[in-house]
Amino acid sequence: MQLPNLKMNYSDTGGNRPLLVLLHGWPQTSQCWQKVTPALATNFRVVAPDLRGYGLSDKPLGGYDKRTMARDIRDLIDHLGYDTARIVGHDRGARVAHRFALDYAKRLSHLTLLDIAPTLHTFREGRTATARGYWHWLFHMKEDLPELLVAPQIDGYLRFFFERWAVQRAALEPAIPDYVAAFSRPGALRAGFDDYRATDIDLAHDADDFDEGKTISIPVQILWGEHGLLAGLDVLQTWKPFAPDAFGERVDNCGHFIPEEQSEVLSEKLLQYLQS
């Protein structure tokens, strides 16, 4: 599909039901939602795009700040003919969804964020444990070096994260070759790292909103893996300054990749909220 500024690939269950948009993270593509889509499609038109720079979508040289990536999603919703949508975001896609909620509040009826803390909190309040957990974020922000070191060993590099961040590793294994192929496409590694390189811009936008007291006004569902990147963090209290009506819970026996590791549990929890 050709958006005003981007050619975007997406899956679409079709139909005239309310729109549900699923946003993936790094190092994945829209394929990560395959296990939850059938259950969600009984009640919603489920659309799962490859974000700017990922999968089969365009990989331009700019526009990886979350404000621009959220505008891509707004354009997608417009293209599909909807005024409002429900959005579920995981990892980097959850950061796009958070920005969407701030910039297009009237276009959003429900929001679920999976296994992330707010970007601004992470950088303002992070300590040694944060640096240990998010070392890759700082590495990916460097210019040129990540491409130089990762390009000869994409499979090994991505598998490191799928192994270290997952509890239900077998649930991820079938899709890993497809993710490796996706990040082996021309420009894909660079684009994925550019997502992280936009952090300074994202922090400036987030700080402006936060310091002005701008928050997400709707109830926001927050879910995180028992052994995910937020393990040991008081997740809901972390989100309250950004989304005062945030609610949610831990997903047991799960790592970072909730849509694949605990797809049935996630589908059930999403439907409980998204149908309200």
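Let's start with Leu19, which lies in strand E2. Strands here, labelled E, are DSSP runs of at least two residues, while helices, labelled H or I, need at least four, and both are numbered from the N terminus. Before I go on, a word on what you are looking at: this is a predicted model, where local features need pLDDT of at least 70, side-chain atom pairs count only at pLDDT 80 or more, and totals for chains, interfaces and linings use all residues. Residues are numbered from 1 along each chain as its sequence is written, and side-chain values use heavy atoms, with hydrogens and water left out.

Back to Leu19, then. Is Leu19 buried or exposed? Leu19 is buried, because its relative accessible area is 1%. For the cut-offs, buried is under 20% relative accessible area, exposed is over 50%, and partly exposed is in between, with a 1.4 Å probe and protein chains only. If we skip residues up to four places away in sequence, Leu19 touches Arg45, Val47, Ile77, Leu80, Tyr82, Thr84, Ala85 and Arg86. By contact I mean heavy atoms within 4.5 Å. For a long-range distance, take Leu19 and Gly213: they are 194 residues apart in sequence, and their C-alpha atoms are 29 Å apart in space.

Now please find Ala48, in strand E3, residues 45–49. Ala48 has a relative accessible area of 1%, so it is buried. Leaving out neighbours within four places in sequence, Ala48 has contacts with Asn9, Tyr10, Ser11, Leu22, Ser30 and Trp33. One of those partners, Ser11, sits in strand E1, residues 10–12. Ser11 counts as partly exposed because its relative accessibility is 38%. Seen from Ser11, with the same four-place exclusion, the contacts are Val46, Val47 and Ala48. The C-alpha atoms of Ser11 and Ala48 are separated by 5.2 Å, although the two are 37 residues apart along the chain. Compare that with a pair further along: Ala48 and Ser184 are 136 residues apart in sequence and 21 Å apart in space, C-alpha to C-alpha.

Next, some backbone details for those of you who like to check torsions. Which residues does a cis peptide bond join? Trp26 and Pro27, with omega at about 5°. Pro27 belongs to the loop between strand E2 (19–23) and helix H1 (37–40). There are also positive phi values in residues other than glycine. Asp91 has phi near 60°, and lies in the loop between strand E4 (85–90) and H3. With a relative accessible area of 6%, Asp91 is therefore buried. Asp115 has phi near 55°, and its loop runs between strand E5 (108–114) and helix H4 (119–125). Asp115 is buried too, because its relative accessibility is 1%.

On to the helices. Two packed helices are described by the angle between their axes and the distance between the axes. The axes are lines fitted to C-alpha atoms, for helices over the stretch in contact, and the angles run from 0 to 180 degrees between N-to-C directions.

Take H2 (residues 66–80) and H3 (residues 92–103): they pack at about 75°, with axes 8 Å apart. H2 and H3 are therefore roughly perpendicular to each other. Under 35 degrees counts as roughly parallel, over 145 as roughly antiparallel, 65 to 115 as roughly perpendicular, and the rest as oblique. From H2, the residues that meet H3 include Met69, Ala70 and Ile73, and the H3 side includes Val96 and Phe100. Overall, the contact has six nonpolar, no polar and seven charged residues. Here Ala, Val, Leu, Ile, Met, Phe, Trp, Tyr, Cys and Pro count as nonpolar, Asp, Glu, Lys and Arg as charged, and the others, Gly among them, as polar.

My last pair is H8 (residues 154–164) and H10 (residues 176–183), which pack at about 130° with axes 10 Å apart. That angle makes H8 oblique to H10. On the H8 side the contact is made by Ile154, Asp155, Leu158, Arg159 and Phe162, and on the H10 side by Ile176, Pro177, Tyr179, Val180 and Phe183. By class, that is eight nonpolar, no polar and two charged residues.

Finally, which residues in H8 are buried? Ile154, Tyr157, Leu158, Phe161 and Phe162. They lie on the same side of H8, because they cover an arc of only 135° around the axis; the arc is that of the directions from the helix axis to the C-beta atoms. What covers the buried residues of H8 includes H6 (135–141), H7 (145–150), H9 (169–172), H10 and H11 (188–197).
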